[in-house]
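This briefing looks at one chain as a whole and then at the surroundings of a single acidic side chain. Please keep the sequence and the coordinates at hand while reading.

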Amino acid sequence: IHHWATHGIAGRAILLDYKHYADTHSITYDPYTTHRISYASLQACAQSQGLDLRPASQGGDIKPGDILFIRSGFIERYYALTPEQRAEYVLNRPHTDLHFAGLSQEEPILDWLHDCYFAAVAGDSPTFEAWPPEKEDGFIHQQILALWGMPLGEMWDFETLARRCREIGRWVVFVTSAPANVVGMSLSFSCLVLLLFLGFGMGVANVRVVGGVGSHANAMAIL
């Protein structure tokens with residue numbers, strides 16, 4: 001991953017606030033359960049935000065090299081728990097008993113991720129995809145990381161950014177991120193800056209990574 005650190009990652013990102021869509025469309029779920037977000041659900045979420053999830057080549061809003069952000073509500077739920085509840089869920093149960101909401105491993109999701117030519121993806125849950133997978137060895141990670149060589153971010157705090165995007169009705173931001181420059185690492189915390197330009201004015205919102213085992217540089221979103 002140190003090769004990415006030498007030049008960083010920069011590009012246009014699109015935030016899909018699925019948790020807000022679910023809350024406002026009578027879709028009830030706990031982000032600490034295996035709630036699978038289907039392609040049809042993502043399409044409906046995008047439409048509610050005024051976005052067309054088709055690739056630009058098909059008349060949609062997704063351009064080659066875009067970065068995909070998905071808010072599933074994990075961070076919101078995390079902040080609602082007490083420290084004791086967080087420890088009980090993560091530390092006092094086996095890895096095989098962990099459950100998180102995220103993208104479904106269905107073929108339409110994989111086809112869409114491939115056809116849109118995303119430069120990177122990130123979510124607010126610890127796994128990005130629904131966990132555990134629906135079938136054995138049916139991970140999205142192996143396509144995204146190993147097959148496509150695409151960066152994947154987890155546990156990104158989109159709460160402040162999502163609130164601001166809802167206020168102004170815009171879901172496209174400019175993002176820059178640089179992983180740690182440590183030779184041979186296969187993962188890293190994120191040093192992240194997001195910018196959303198509104199005419200000649202800009203506001204500021206923090207973006208945090210929750211539960212990390214290392215310290216990241218100050219990260220902020222300029223809206």
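**Chain overview**

Of the 223 residues in the chain, 47% count as buried, and it should be kept in mind throughout that the model is predicted. The secondary structure comprises eight helices and 10 strands.

- About 11100 Å² of the chain is exposed, and carbon and sulfur atoms supply 55% of that area.
- When contacts between residues at least 6 apart in sequence are considered, 75% of them join residues at least 24 apart.

**Cysteines**

- A search of the whole structure finds zero disulfides.
- Cys45 is buried, with a relative accessible area of 0%, and Cys116 is likewise buried, with a value of 2%.

**Asp124 and its surroundings**

- Asp124 lies in the loop that runs between strand E5 (120-123) and helix H7 (141-147).
- Although Asp124 is buried, it has no salt bridge; the nearest side chain of opposite charge belongs to Arg71 and is 4.9 Å away, whereas a salt bridge requires the charged atoms to be within 4 Å, so this pair does not qualify.
- The side chain of Asp124 makes a polar contact with the side chain of Ser72 at 2.7 Å, and the Asp124 side chain also reaches the backbone nitrogen of Gly73 at 2.9 Å.
- Leaving aside residues up to four places away in sequence, Asp124 touches Ile70, Arg71, Ser72, Gly73, Phe74 and Ile75, together with Met155, Trp156, Phe158 and Glu159.

Methods:
Residues are numbered from 1 along each chain as its sequence is written. This is a predicted model: local features need pLDDT of at least 70, side-chain atom pairs count only at pLDDT 80 or more; totals for chains, interfaces and linings use all residues. Side-chain values use heavy atoms; hydrogens and water are left out. Helices (H or I, at least four residues) and strands (E, at least two) are DSSP runs, numbered from the N terminus. Buried means under 20% relative accessible area, exposed over 50%, partly exposed in between (1.4 Å probe, protein chains only). Lys and Arg count as positive and Asp and Glu as negative; His and the chain ends are not counted. A polar contact is a pair of N or O atoms within 3.5 Å; within protein, one must be able to donate a hydrogen and the other to accept it, and residues adjacent in sequence count only if both atoms are side-chain atoms. Contact means heavy atoms within 4.5 Å. Accessible areas come from the Shrake-Rupley method with a 1.4 Å probe; for residues, only the protein chains shown count as cover. A disulfide is a pair of cysteine sulfur atoms within 2.5 Å.
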